[in-house]
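Here are a few exercises to work through with the structure open beside you. Try each task before reading its solution.

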Amino acid sequence: MVLSKRWQFLWMFVSRLEYSDDMYQDDGVRFLRFLYTSLLLHQAKVLESFSLKLGGNSRDIDLGVCVTPALNRCVREIDIEIDDASSTETQFILPRSLYNITGSRTLVTLKLQNAVLADASSETVSFPSLKTLSLISIKYPRDRFIRNFLSSCPLLEDLFVVKCRGDNVARLVVRVPSLKFLTVRTTAVVEYHQVLVLDVPFLEFLDIADYTDGFCVVENSMSKVVVAHLDLSYSHPHQLLASTSLVQLSLCLTTSMDAHFDGTILSQLQQLKVCTCDPEWLHLLMRILKAAPKLRFIVLELSKSHARSKEPILGWNQQGCAPECLLSSLEYFEWRQYGGREEEKQVARYILGNSGRLGLATFYPKSKNPVMKLQMLTELSMLPRRSPDCRLEFCGNYNRVSK
């Protein structure tokens with residue numbers, strides 16, 4: 001097909017540019033020639049987005065040559081993704097022009113992966129329009145750099161950070177009053193304990209995964225958090241749960257005994273998921289049940305990425321009244337990786353026997369042995385149920401999907 005001449009140069013004015021060295025497979029030289037030439041010839045005055053994905057064939061690329069033309073065209077979104085293997089062999093350094101007020105004033109979304117941020121201590125860093133920031137496996141000049149970087153984003157609402165070995169940040173300080181969504185993950189074992197400092201009074205969503213045995217400092221109350229996913233080994237993690245608005249909570253704590261709850265803190269909680277990898281997970285569960293009178297959904301699961309260091313301690317004191325949530329609000333209970341041990345049966349008996357409004361209880365067996373699965377089904381079906389409407393489902397092995 002032959003295009004009319006009037007369409008021949010239309011590509012020069014498109015507002016979205018997407019580049020990937022997969023286009024040229026093993027020929028990195030041709031890709032770089034195409035990339036630089038097309039950027040030089042492009043004539044659009046305003047860019048909506050600029051995306052660059054690099055694999056192992058583009059080790060000699062100059063990111064400054066790629067990013068600066070996009071910044072000069074008032075780009076609203078930049079997405080630079082570099083393959084893990086490539087970043088270990090070559091340092092891809094982002095230019096100082098990225099922080100310049102002239103180039104970054106229109107930037108709304110910035111996503112960076114496996115790159116090095118140049119030291120901009122002598123520059124005036126400013127992102128006056130930035131709302132979404134993703135920093136995955138980024139190397140920083142020092143931990144003060146990222147603190148200043150974040151403080152230069154007065155409108156930032158969504159922050160996603162994945163830390164890595166050698167990122168030069170032992171103390172991550174997030175002081176962003178406008179922030180609503182925060183995700184912080186540590187992907188590898190580092191040489192030091194991580195410290196997380198939070199001052200995010202308007203935060204609504206919190207997701208932290210960190211097993212560096214560090215700690216967190218909450219400088220301002222996070223009373224507006226509605227959803228929280230915590231997978232960590234921090235001391236005194238209850239600081240992260242001091243929200244009167246919390247509705248959905250997912251917990252995996254290796255310091256369960258440090259997690260003390262005030263009954264008013266979880267007064268709005270409706271959905272709860274607890275990882276059973278810690279030996280004392282049941283003590284954590286019982287504390288939350290007593291502090292969450294409106295709880296409606298409970299899921300117990302041994303996370304795919306976790307393994308028990310030793311068998312869990314499941315015994316607990318059942319004296320006194322059952323928690324209010326079991327008596328009046330719990331509607332759904334699910335246990336993934338149910339093993340059928342005597343202690344686990346006691347927990348199932350307690351939940352089923354005290355839940356007055358329970359409509360459905362679902363169990364996914366840990367064992368694949370059909371004889372053992374039949375035995376577990378028989379034992380569960382014979383347990384007393386307080387709710388006359390409670391249905392019992394015994395499903396096949398739970399297929400977990402990694403995040």
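The exercises below go from the whole chain to its core, its backbone and its interior space, and they use a predicted model.

**Exercise 1. The chain as a whole**

Task: Find how many helices and strands the chain has, and what share of its residues is buried.

Solution: Start with the secondary structure, which comes to 9 helices and 20 strands. Next, turn to burial: of the 403 residues in the chain, 48% are buried. Then look at contacts between residues at least 6 apart in sequence; 61% of these join residues at least 24 apart. Finish with the surface, where about 19500 Å² is accessible and 51% of that belongs to carbon and sulfur atoms.

**Exercise 2. The largest nonpolar core**

Task: Identify which residues of the largest nonpolar core touch the most other members, and which element gives the most to this core.

Solution: The core has 108 residues, and those touching the most other members are Leu 52, Leu 98, Leu 110, Val 174 and Leu 240. By element, helix α6 (residues 281-291) gives the most, with 8 residues. Now zoom in on Val 174: leaving aside residues up to four places away in sequence, its contacts include Leu 150, Leu 159 and Leu 179. Val 174 also touches the run Leu 196, Val 197, Leu 198, Asp 199 and Val 200. As general background, nonpolar side chains in soluble globular proteins tend to be buried together.

**Exercise 3. Two positive phi values**

Task: Locate Asn 114 and Gln 337, and decide whether each is buried or exposed.

Solution: Recall that most residues other than glycine have a negative phi. Asn 114 has a positive phi, near 60°. Asn 114 sits in the loop between β5 (109-113) and β6 (116-117). With a relative accessible area of 9%, Asn 114 is under the 20% cut-off and therefore buried.

Gln 337 also has a positive phi, near 65°, but its place is in strand β18 (residues 332-338). Its relative accessibility is 12%, so Gln 337 counts as buried.

**Exercise 4. A space inside**

Task: Work out how many cavities of 30 Å³ or more the structure holds, and which residues line the largest cavity.

Solution: There is 1 cavity of 30 Å³ or more. The largest cavity holds about 50 Å³ of space. Its lining is made up of Lys 163, Leu 172, Val 184, Thr 186, Gln 194, Val 195, Leu 196, Asp 210 and Tyr 234. Sorting these by class gives 5 nonpolar, 2 polar and 2 charged residues. Last, check the strands: β10 (181-186) and β11 (195-199) each supply at least two residues of the lining.

Methods. Residues are numbered from 1 along each chain as its sequence is written. This is a predicted model: local features need pLDDT of at least 70, side-chain atom pairs count only at pLDDT 80 or more; totals for chains, interfaces and linings use all residues. Side-chain values use heavy atoms; hydrogens and water are left out. Helices (H or I, at least four residues) and strands (E, at least two) are DSSP runs, numbered from the N terminus. Buried means under 20% relative accessible area, exposed over 50%, partly exposed in between (1.4 Å probe, protein chains only). Contact means heavy atoms within 4.5 Å. Accessible areas come from the Shrake-Rupley method with a 1.4 Å probe; for residues, only the protein chains shown count as cover. A nonpolar core is a set of buried Ala, Val, Leu, Ile, Met, Phe, Trp, Tyr and Cys residues joined through side-chain atoms within 4.5 Å. On a 1 Å grid over the protein atoms alone, a cavity is a set of points where a 1.4 Å probe fits but cannot get out, and a pocket is an open set with protein on both sides within 12 Å along at least five of seven lines; lining residues have an atom within 4 Å of a point. Grid points are joined across faces, edges and corners, and a volume is the space filled by probe spheres set on the points. Ala, Val, Leu, Ile, Met, Phe, Trp, Tyr, Cys and Pro count as nonpolar, Asp, Glu, Lys and Arg as charged, and the others, Gly among them, as polar.
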